Amino acid sequence: MSHGKERHDKHCLNCGTLVAGRFCQECGQENIEPQETFWGLVTHFFNDITHFDGKFFRTVRLLFQKPGFLSKEYLEGRRQQYLNPIRMYIFTSALFFLIFFSITKINLGNPESSTRTRNLERLRAQAGNLMATKDSVQLVKTLDSIFVLQSDSAKTPGGFSVGVADQKYRTKDEYLTAQEKLPASQRDGWFSKKFKLRTLNMNEDYSANPKAFLEKLADGFLHQFPKILFLSLPIFALTFQLLYRRKRNIWYTGHGIFSIHLYIYSFLLLLAFFLFRWMKNFGMSGFWGFLQFVLFLYFYYYMYKAMRYFYGDGRGKTLAKLVLHNFISLFTFTFLTVFFFLFITFFA
């Protein structure tokens, strides 16, 4: 509640309803004077921020301490003292992906090429030492090894090609010309034509720099990851509805709220995972790696506890449904990943 001066007129400025108290019982607007002082505006701003912070930290604490509790509270109508799950999902996912994209770097250097370069440097250093010691026999062998490695490097293909089963054309113009000469009944369909033109475009654009194509592809796929998670959410909830179809008191929206809370928890857990990975830079990498592994396992334990509390089944049933749900989720994520990968490769 703000500290604004209450109006003498009891008709709501927003909807016109006769207000019984300080707040309109119809639309919820506070019945205060519309002209607000600067100090009142600042006070209102900080009240809103601290109100959000209080709800957020209370919700996060209960999310971690009591798996499934917030979803059950929401289902039973006790919602005012907690942050709205959809609002919290938007906030935590935005925070997660902001950090995720800032720390994720795509490095597609050729490991084989790097190894060959290191071997060449090592052999050249040996050759320099042998020249100093005048060991002519060993020097000849070392120089011969250098020559072989350099020859192999020269033979390594640097071109790029995405093949199609019946590809007969080097450029898209050749393909289009050949298609025009064919009878309409023998021409490629829309999908096949789109696919082959995209392939030829990639061959033309990236033939001299395959690494640039791979980096572009990886970067494009990385930025599709939020969409994959967002699309998987309703499927995630639908799986719970199918597994608990006998729970007539829980509608699809209830399964959706439960799924949203699990996603929020996973975002926050992954932030801790990234923190532990960053801590490896300061030593004790084995310890931080162990904590990362513990976090990975704990998520499934947390999910088990949340399912058991929210749905009320026994240990055996909950464990079986957890395994089945994760199997379906793995299939869903794999399907969405392949779909988006093919989409950004050939159609984006």
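How many nonpolar, polar and charged residues does the lining of the largest cavity have? The points below take up this matter for a predicted model.

1. The lining of the largest cavity comprises seven nonpolar residues, three polar residues and one charged residue. Its members are Leu63, Lys66, Gly68, Phe69, Leu70, Ser71, Phe258, His261, Leu262, Tyr302 and Ala306. Lys counts as charged in this classification, so the charged member of the lining is Lys66.

2. This largest cavity holds about 50 Å³ of space. Three helices, α2 (69–75), α10 (252–279) and α11 (285–311), each contribute at least two residues to its lining.

3. Helix α11 merits separate comment. It has 27 residues, and the distance from its first C-alpha to its last is 39 Å, close to the 39 Å expected at 1.5 Å a residue. Two residues that line the largest cavity, Tyr302 and Ala306, are buried in α11. Other buried residues of this helix include Trp288, Gln292, Leu295, Phe299 and Phe310. Just after α11, Gly312 adopts a positive phi of about 80°.

4. The count of cavities of 30 Å³ or more is two. The second largest cavity encloses about 30 Å³, and its lining is formed by Ser232, Ile235, Phe236, Thr239, Tyr263, Ile328, Ser329, Thr332 and Phe333. The elements giving two or more residues to this lining are α9 (225–243) and α12 (315–346).

5. By class, the lining of the second largest cavity has five nonpolar and four polar residues, with no charged residue. The lining of the largest cavity, by contrast, has one charged residue.

How values were computed:
Residues numbered from 1 in each chain as written. Predicted model: local features only at pLDDT ≥ 70, side-chain atom pairs only at ≥ 80, totals over all residues. Heavy atoms only, no water. 1 Å grid on protein atoms, 1.4 Å probe; cavity = no way out; pocket = protein on both sides within 12 Å on 5 of 7 lines; lining within 4 Å. Points joined across faces, edges and corners; volume = space filled by probe spheres on them. Helix = DSSP H or I, 4+ residues; strand = E, 2+ residues; numbered from the N terminus. Expected span 1.5 Å × (residues − 1). Buried < 20%, exposed > 50% of the residue type's maximum accessible area, 1.4 Å probe, protein only.
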